[in-house]
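These are my notebook entries on a single chain. I set down what I looked up, in the order in which I looked it up.

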Amino acid sequence: DRGDRGDRGADTRDRASARRPREEKGRLVSKVECRESDLMILGFARTAKPTPEELKKAYKVMAMRWHPDRPHNRDKNTEATANFRSVKAAYDHLTRLPPAAR
């Protein structure tokens, strides 16, 4: 019975999707390219080695910039939503990496 599993099924799916290579514009992207693009989404240089505090601060800045409910984004809701989701995904990916890989 699935009812007694709780949220464990969702967590398993999230971890499995995190292990799958990311696909951008119809091609698979390497782990290095993922990391570099995630850093750039958060406003860092490709070769940056940000601390967890710097990642969190950059995430907050970009989340506030692209949140769809912010007044400056109300007329471009679709773009803001897509960018906000990209920022969230980049932050989640970078915070899951071991410190040496950041």
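Entry 1, terms. Before listing which residues meet across a helix pair, I fix the term: two residues are in contact when heavy atoms lie within 4.5 Å. I also note that the model is predicted.

Entry 2, overall layout. I counted 4 helices and 2 strands in the chain. Read from the N terminus, the order of elements is α-β-β-α-α-α. The chain has 102 residues, and 26% of them count as buried. I then took the contacts between residues at least 6 apart in sequence and found that 39% of them join residues at least 24 apart.

Entry 3, helix 3 against helix 4. I recall that two packed helices are described by the angle between their axes and the distance between the axes. For helix 3 and helix 4 I read an angle of about 170° and an axis separation of 9 Å. Helix 3 is therefore roughly antiparallel to helix 4, because an angle over 145 degrees counts as such.

Next I listed the residues in this contact. Helix 3 contributes L55, K56, Y59, M62, A63 and W66. From helix 4 the partners are E79, A80, N83, F84, V87, K88, Y91 and L94. Sorted by class, the contact holds 10 nonpolar, 1 polar and 3 charged residues.

Entry 4, F84. I looked up this residue in helix 4. Is F84 buried or partly exposed? Its relative accessibility is 21%, so F84 counts as partly exposed, since buried requires under 20%. Leaving aside neighbours within four places in sequence, F84 is in contact with A63, W66, H67 and P68. I also checked a C-alpha separation: F84 and M62 are 22 residues apart along the chain, and their C-alpha atoms are separated by 7.8 Å.

Entry 5, the largest nonpolar core. In soluble globular proteins, nonpolar side chains tend to be buried together. I therefore turned to the largest nonpolar core, which has 15 residues. Which members touch the most other members? They are L42, F44, L55, Y59 and V87. Helix 3 and helix 4 each supply at least two residues of this core, and helix 3 gives the largest share, with 6 residues.

I followed Y59 further. Outside its neighbours within four places in sequence, Y59 is in contact with L42, V87, K88 and Y91. L42 and V87 are also among the core members with the most contacts to other members.

Entry 6, salt bridges. How many salt bridges does the count come to? The count comes to 2.

One pairs the side chains of R46 and E36, at 3.0 Å from N to O. This pair links distant parts of the chain: R46 sits in the loop between helix 2 (31-41) and helix 3 (52-66), whereas E36 belongs to helix 2, 10 residues apart. R46 has 45% relative accessibility and so counts as partly exposed.

The other joins the side chains of K88 and D92, also at 3.0 Å from N to O. Both residues lie in helix 4 (residues 77-96), 4 residues apart, about one turn of the helix. K88 is partly exposed, with a relative accessible area of 35%. D92, at 26% relative accessibility, likewise counts as partly exposed.

Entry 7, cross-reference. I marked K88 for its several roles in these notes: K88 meets helix 3 from helix 4, is in contact with Y59, and forms a salt bridge with D92.

Methods
Residues are numbered from 1 along each chain as its sequence is written. This is a predicted model: local features need pLDDT of at least 70, side-chain atom pairs count only at pLDDT 80 or more; totals for chains, interfaces and linings use all residues. Side-chain values use heavy atoms; hydrogens and water are left out. A salt bridge is a side-chain nitrogen of Lys or Arg within 4 Å of a carboxyl oxygen of Asp or Glu. Buried means under 20% relative accessible area, exposed over 50%, partly exposed in between (1.4 Å probe, protein chains only). A nonpolar core is a set of buried Ala, Val, Leu, Ile, Met, Phe, Trp, Tyr and Cys residues joined through side-chain atoms within 4.5 Å. Axes are lines fitted to C-alpha atoms, for helices over the stretch in contact, and angles run from 0 to 180 degrees between N-to-C directions. Angles under 35 degrees count as roughly parallel, over 145 as roughly antiparallel, 65 to 115 as roughly perpendicular and the rest as oblique. Ala, Val, Leu, Ile, Met, Phe, Trp, Tyr, Cys and Pro count as nonpolar, Asp, Glu, Lys and Arg as charged, and the others, Gly among them, as polar.
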